[in-house]
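Consider the following chain and its fold. The text below starts from a single residue and works outwards to the whole.

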Amino acid sequence: MLLKKREEAGNQLIIGELSVPHIQAEIAKPFKLFYLKLDKKVAVYTSKVAGILIVIVNGSSNEYTQLFSYLYDHLKDIDLKIINSKEDLLQVLL
């Protein structure tokens, strides 16, 4: 499983049933988000993951650590069944 290998490699963050792999890149914005809903849950360590929120952050941005605190606070108690689109995800995060 690629997801399991990714989590084992580092940059792990699992919030509830959401895997949040993150990388730094030279991008114009402070960050970009991509969401993938899985057809079935995948086991990662002792957690079951139902979705993946890929976070790409601008490494020179000062907002880097604040972003993960914000994501954690908004996603820790979310039922991922309600997120079926980018718009649904934005509703949860705003």
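Leu38 has a relative accessibility of 25% and therefore counts as partly exposed; buried means under 20% relative accessible area, exposed over 50%, and partly exposed in between, with a 1.4 Å probe and protein chains only. Leu38 belongs to strand β4. Helices (H or I, at least four residues) and strands (E, at least two) are DSSP runs, numbered from the N terminus. Between the C-alpha atoms of Leu38 and Val49 there are 8.2 Å, and the two residues are eleven apart along the chain.

This is a predicted model, in which local features need pLDDT of at least 70 and side-chain atom pairs count only at pLDDT 80 or more, while totals for chains, interfaces and linings use all residues. Residues are numbered from 1 along each chain as its sequence is written, and side-chain values use heavy atoms, with hydrogens and water left out. The mean pLDDT (the predictor's confidence in each residue, from 0 to 100) of the protein is 79, and 83% of the residues score at least 70. Among the elements, β4 has the highest mean pLDDT, 87, and helix α1 (residues 2–9) the lowest, 56. Where pLDDT is low, the predicted coordinates should not be read in detail.

The protein contains three helices and five strands. Their order along the sequence is α-β-β-β-β-β-α-α. Of the 94 residues, 34% are buried. Contact means heavy atoms within 4.5 Å; of the contacts with a separation of 6 or more, 57% are between residues 24 or more positions apart.

Which strands pair with β5? Two strands pair if DSSP finds at least two bridges between them. Strand β4 (residues 31–44) runs antiparallel to β5 (residues 47–58), and ten bridges join the two. Within this pairing, Tyr35 has Leu53 as its bridge partner, and Phe34 stands opposite Ile54. The connection between β4 and β5 is a hairpin with two residues between the strands, and Tyr45 in the turn has a positive phi of about 55°. Strand β3 (residues 22–25) is parallel to β5, with four bridges; here His22 is partnered with Val55. Strand β2 (residues 18–19) also pairs with β5 in the parallel sense, over two bridges, and Ser19 has Ile52 as its partner.

How is β5 itself placed? Nine of its twelve residues are buried, so β5 is largely enclosed by the rest of the structure. One residue of this strand is Asn58, which counts as buried because its relative accessibility is 14%. The side chain of Asn58 lies 2.8 Å from the backbone oxygen of Ile27; a polar contact is a pair of N or O atoms within 3.5 Å, where within protein one must be able to donate a hydrogen and the other to accept it, and residues adjacent in sequence count only if both atoms are side-chain atoms. Leaving out residues up to four places away in sequence, Asn58 touches Ala25, Ile27, Ala28, Lys29 and Pro30.

The largest nonpolar core has 17 residues, and those with the most contacts inside it are Leu18, Val20, Tyr35, Leu53, Val55, Leu71 and Leu75. A nonpolar core is a set of buried Ala, Val, Leu, Ile, Met, Phe, Trp, Tyr and Cys residues joined through side-chain atoms within 4.5 Å. Two or more residues of this core come from each of β5, α2 (64–75) and α3. Val55 has contacts, beyond residues up to four places away in sequence, that include Val20, Ile23, Leu33, Leu67, Phe68 and Leu71.

Leu71 lies in helix α2 and is buried, because its relative accessibility is 1%. Beyond neighbours within four places in sequence, Leu71 is in contact with Ile15, Leu53, Val55 and Leu93. The C-alpha atoms of Leu71 and Val20 are 9.4 Å apart, with their positions 51 residues apart along the chain counted as separation.

Last comes helix α3 (residues 86–93), whose buried residues are Leu89, Val92 and Leu93. Seen down the helix axis, these buried residues fall within an arc of 95°, so they line one face of α3; the arc is that of the directions from the helix axis to the C-beta atoms. The face turned away from the buried side carries the exposed residues Glu87 and Gln91.
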